[in-house]
Amino acid sequence: MRLLRSTDLALRVLMRLAVAGESSPTTREVADGMDVPYTHLAKVVAELQHMGLLDARRGRGGGLTLTEQGRTASVGAVVRAFEGDGDVVDCEGTTPCPLNSACRLRGALRRAQEAFFASLDPVTVGDIVAEPTGALLLGISRGS
């Protein structure tokens, strides 16, 4: 399974903020540090804020901070939120698959997708920035 770019960015933003300490980087600073377009990251940040995982303050002294809910958020829940719950393959598309009514592949892929999400459910944002990752992230973050 390949994650959408927005899912990848959401997880990386959460990780970045989890090691930010007292600093509150701006969306622009995080985008520059990740070498991603500001507009794309701003959409991801807005969704994370809507989910209650981070706070975004504008103006002087503003920036992004991870909420307690963000620190304890399940990686599986974040991935589900950004990926959606659609099927891995599109059997109903503009040209529906002729095997659709008797296909066993669709169910197998659905179970595999759910197993993927379930394996991420017990993992929290805090878990993925624990040492030695946190120290490495902190070093990268200071460079941006």
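## A tour from the pocket to the core

Begin with helix α3, because this element supplies the largest share of the lining of the largest pocket, namely five residues. The model on screen is a predicted one, and the pocket to which α3 contributes has a volume of about 320 Å³. To find its middle, select Thr27, Tyr38, Ala56, Arg57 and Arg58, which are the closest to the pocket centre of the 15 residues that line it. Colouring by element then shows that α2, α3, β1 and β2 each give two or more residues to this lining, while colouring by residue class divides the lining into six nonpolar, six polar and three charged residues.

Next, keep helix α3 in view and pick Ala46, which has its place in that helix. Is Ala46 buried, partly exposed or exposed? Its relative accessible area is 43%, so Ala46 counts as partly exposed, a class that lies between the cut-offs of 20% and 50%. A distance drawn between the C-alpha atoms of Ala46 and Ala56 should read 8.3 Å, for two residues that are ten apart along the chain.

From Ala56, move on to the two strands. Strand β1, residues 54-57, and strand β2, residues 63-66, run antiparallel and are joined by four bridges. Select Asp55 and look across to Thr65 in β2, which stands opposite. The hairpin of β1 and β2 has five residues between its strands, and Gly59 there takes a positive phi near 80 degrees.

Now hide the pocket and show the largest nonpolar core, a set of 29 residues in which Val13, Leu14, Met34, Leu41, Leu48, Leu54 and Val78 have the most contacts. Two or more residues of this core come from each of α1 (5-18), α2 (27-34), α3 (38-50), β2 and α5 (75-83), and α1 gives the most, with eight. Within the core, centre the view on Leu14 and, leaving aside its neighbours within four places in sequence, display its contacts with Leu48, Leu53, Leu66, Val78 and Val125.

Finally, zoom out to the whole chain, which holds eight helices and two strands in the order α-α-α-β-β-α-α-α-α-α from the N terminus. The C-alpha trace spans about 60 × 30 × 25 Å along its principal axes, and buried residues make up 33% of the 144 residues. Of the contacts with a separation of 6 or more, 67% are between residues 24 or more positions apart.

Methods
Residues are numbered from 1 along each chain as its sequence is written. This is a predicted model: local features need pLDDT of at least 70, side-chain atom pairs count only at pLDDT 80 or more; totals for chains, interfaces and linings use all residues. Side-chain values use heavy atoms; hydrogens and water are left out. Two strands pair if DSSP finds at least two bridges between them. A nonpolar core is a set of buried Ala, Val, Leu, Ile, Met, Phe, Trp, Tyr and Cys residues joined through side-chain atoms within 4.5 Å. Buried means under 20% relative accessible area, exposed over 50%, partly exposed in between (1.4 Å probe, protein chains only). Contact means heavy atoms within 4.5 Å. On a 1 Å grid over the protein atoms alone, a cavity is a set of points where a 1.4 Å probe fits but cannot get out, and a pocket is an open set with protein on both sides within 12 Å along at least five of seven lines; lining residues have an atom within 4 Å of a point. Grid points are joined across faces, edges and corners, and a volume is the space filled by probe spheres set on the points. Ala, Val, Leu, Ile, Met, Phe, Trp, Tyr, Cys and Pro count as nonpolar, Asp, Glu, Lys and Arg as charged, and the others, Gly among them, as polar.
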